[in-house]
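The following note is offered to a colleague who is meeting this structure for the first time. It proceeds point by point, from the sheet to the helices and then to the aromatic side chains.

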Amino acid sequence: MQSEMSAGKIFAVQSEQPEGLHVAIIMDGNGRWAARRNLPRVAGHRAGVAAVRRIVEHAPKVGIGLLTVYAFSSDNWRRPAAEVQSIFWLLRVFLRLEREKLRQAGARLEVIGRRDRIPKLLLREIEQAVAATAEGRRLRLRVAIDYSSRDAIMRAALGLSANLLKEPTPSASLLRDKVAQELIAESGEVDLLIRTGGEKRLSDFLLWESAYAELWFTDRMWPDFEPSDLDAAVEEFRGRQRRFGGIPETAPALTMGSGR
């Protein structure tokens, strides 16, 4: 069903990024979606791939310029080997079948996370899809595979530490600023972070980049997530006041004993 916003409603984005909103999605609930239907977990992951396709197609229509989705966390290696292999197989199929559609739609694919543990066949599909979509300008689609935000922060800090040791008096604030530059140089800050499936936590996803992100949680399982749900999340985001630690210019002055 076509949503009201996909029919032409125009968004006034609140991102500081000229290319549009940066929306990050923790795509949770595939396994539980399948279990409720007495299906194997892999069926939930297949249905989740279909949801990715719907949301990627719809994202630019609501002012999203960068979409980062959490496909496989570094902690997901703890799952049964058969399920991990099924997820990697589905990722391969998705990249192979969708790369031309992404290219035609003006989407540029990027993959974040570790590369050293990814199966070679999947890594080859990643490289081919990234190359095929390199000219896309309508949407940047970042897929997080074998990703850990803590690991990304640690790697950024370690990569900079050798240079910082050359400073006469390296400080914590200098290290923080350099790490921030390293982590957000390519993506910028997250504007809106969505998590499906009913859980309300970040699960080691874009922790630094989401420091001032607006959070939006839904009980809807990821395979059931529709463009209308994305519309609702973005519309609510547009209604929130982002202060980034400050106060609104129109806020009334506080007086002693006001209790506020």
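1. Two strands are said to pair if DSSP finds at least two bridges between them. In this predicted model, strand 1 (residues 21–26) and strand 2 (residues 64–73) run parallel and are joined by six bridges. Two positions illustrate the register: His22 stands opposite Leu66 in strand 2, and Ile25 stands opposite Val69 in strand 2.

2. Strand 2 also pairs with strand 4. Seven bridges join these two strands, which again run parallel. Here Leu67 has Leu141 in strand 4 as its bridge partner. As for exposure, strand 2 is mostly covered, with nine of its ten residues buried.

3. These pairings belong to an open sheet of six strands, in which the order is 3-4-2-1-5-6 and the pairing is parallel. The edges are formed by strand 3 (107–112) and strand 6 (214–217), each of which pairs on one side only. From one strand to the next, the twist averages 20 degrees. In general, the strands of a sheet pair through backbone hydrogen bonds, either parallel or antiparallel.

4. Which strands does helix 3 lie across? Helix 3 (residues 81–104) lies across strand 2, strand 3 and strand 4 (139–147). Its direction makes an angle of about 160 degrees with that of strand 2.

5. Helix 3 also has a helical neighbour. The axes of helix 2 (residues 41–58) and helix 3 come within 10 Å and cross at roughly 25 degrees. Angles under 35 degrees count as roughly parallel, and helix 2 and helix 3 are therefore roughly parallel to each other. The crossing of helix 2 past helix 3 is right-handed.

6. The contact between the two helices involves several side chains that the reader may wish to locate. From helix 2, the participants include Arg41, Val42, His45, Arg46 and Val49, and also Val52, Arg53 and Val56. In helix 3 they meet residues including Glu83, Ser86, Ile87 and Leu90, together with Phe94, Glu98 and Leu102.

7. The count of aromatic pairs comes to seven. One of them is formed by Tyr70 and Tyr147, which are arranged edge-to-face, at 6.0 Å centre to centre and with 80 degrees between the planes. Tyr70 lies in strand 2 and Tyr147 in strand 4, so this pair ties together parts that are 77 residues apart in sequence. Both Tyr70 and Tyr147 are buried.

8. Tyr147 takes part in a further edge-to-face pair, with Phe205: the separation is 6.0 Å centre to centre, with 85 degrees between the planes. This pair links distant parts of the chain, since Tyr147 is in strand 4 whereas Phe205 is in the loop between strand 5 (192–195) and strand 6, 58 residues apart. Tyr70, Tyr147 and Phe205 form one aromatic cluster.

9. Why do Tyr147 and Phe205 count as buried? The cut-off for a buried residue is under 20% relative accessible area. Tyr147 counts as buried because its relative accessibility is 5%. Phe205 counts as buried because its relative accessibility is 0%.

Terms used: Residues are numbered from 1 along each chain as its sequence is written. This is a predicted model: local features need pLDDT of at least 70, side-chain atom pairs count only at pLDDT 80 or more; totals for chains, interfaces and linings use all residues. Side-chain values use heavy atoms; hydrogens and water are left out. Helices (H or I, at least four residues) and strands (E, at least two) are DSSP runs, numbered from the N terminus. Axes are lines fitted to C-alpha atoms, for helices over the stretch in contact, and angles run from 0 to 180 degrees between N-to-C directions. Contact means heavy atoms within 4.5 Å. Rings of Phe, Tyr and Trp (its six-membered ring) pair if their centres lie within 6.5 Å; planes under 30 degrees apart count as stacked, over 60 as edge-to-face and the rest as tilted. Buried means under 20% relative accessible area, exposed over 50%, partly exposed in between (1.4 Å probe, protein chains only). Angles under 35 degrees count as roughly parallel, over 145 as roughly antiparallel, 65 to 115 as roughly perpendicular and the rest as oblique. A crossing is left-handed if the near helix is turned anticlockwise from the far one by less than a right angle, and right-handed if clockwise.
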